[in-house]
Amino acid sequence: MARPPKPERKNELLEQIVDHLLDKTFASLSFRTLADGLGISSYVLVYHFGNREELINEIVRHIEARHDALKPENPEGFAREDFRRWILDSWNWLLIERNRQLQRLEFEAALQDAVSLNPRGSAMRKFAYWHSFSADWLVNQGMQRAEADSSARLFTTSLYGLQYDYVLNQDRDSVEQALHLLMDRFFTGLDQALSQANR
């Protein structure tokens, strides 16, 4: 009877695999090229991951899990400055070169997922989290739900666009200026909505 894979070894492998992929793409990934790059037998990868699809799923889950520490549970009690700080802290974390490369891989995986017969759905869930948190925060501030949903979608989509801009162009200063402008307009939109509601 075969021994079950050890979870700690699998996690070690995932860390090595992610480091190996920092300057590569999922499209070029195979058990053979990965095994050669890591200096291990492809049998080790088959033993721990089974097949290429499951290997990629595990890599994507591993990459996405790095966001977990940044996610607040809910927006209740989040003051405006708390919300701004959360966005800026998340953004500064993304600007680390390793995270920029991992974001590139996340974008690649998300686009592949959109046409997959068996989509992971994790990219959609991640987007839904950011949108839902922002919409709930706006509602807690006093904005009507329908307007909060639209404003949060615009905000979340713009954040993703700025992430894509940074991954593609690596122009940190320009992207940070755009981020601050986006935040200012997000809060201005909230103030305008609250002002109209109080008339």
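## Leu111 and the internal cavities

Leu111 is located in helix α6, which spans residues 97–113. In this predicted model, Leu111 counts as exposed because its relative accessibility is 64%, above the 50% cut-off for that class. The C-alpha atom of Leu111 is separated by 18 Å from that of Asn99, a residue 12 positions away along the chain.

Confidence in the prediction averages a pLDDT of 91 over the protein, and 96% of the residues score at least 70. Among the elements, helix α8 (residues 145–169) has the highest mean pLDDT, 97, and helix α1 (residues 7–20) the lowest, 89.

The interior holds two cavities of 30 Å³ or more. The elements that give two or more residues to the lining of the largest cavity are α5 (80–94), α7 (122–141) and α8. This lining comprises 13 residues, and those nearest the cavity centre are Ser90, Trp91, Leu94, Trp130 and Gln163.

The second largest cavity is lined by Val60, Glu64, Glu106, Ala109, Ala110, Asp113, Arg120, Ser122 and Ala123. Here α4 (52–64), α6 and α7 each supply at least two lining residues. Helix α6, which also contains Leu111, makes the largest contribution to this lining.

The table sets out both cavities.

| Cavity | Volume | Largest share of lining | Lining by class |
|---|---|---|---|
| Largest cavity | About 160 Å³ | α5, five residues | eight nonpolar, four polar, one charged residues |
| Second largest cavity | About 30 Å³ | α6, four residues | four nonpolar, one polar, four charged residues |

How values were computed:
Residues numbered from 1 in each chain as written. Predicted model: local features only at pLDDT ≥ 70, side-chain atom pairs only at ≥ 80, totals over all residues. Heavy atoms only, no water. Buried < 20%, exposed > 50% of the residue type's maximum accessible area, 1.4 Å probe, protein only. pLDDT = per-residue confidence, 0-100. 1 Å grid on protein atoms, 1.4 Å probe; cavity = no way out; pocket = protein on both sides within 12 Å on 5 of 7 lines; lining within 4 Å. Points joined across faces, edges and corners; volume = space filled by probe spheres on them. Nonpolar A, V, L, I, M, F, W, Y, C, P; charged D, E, K, R; others polar.
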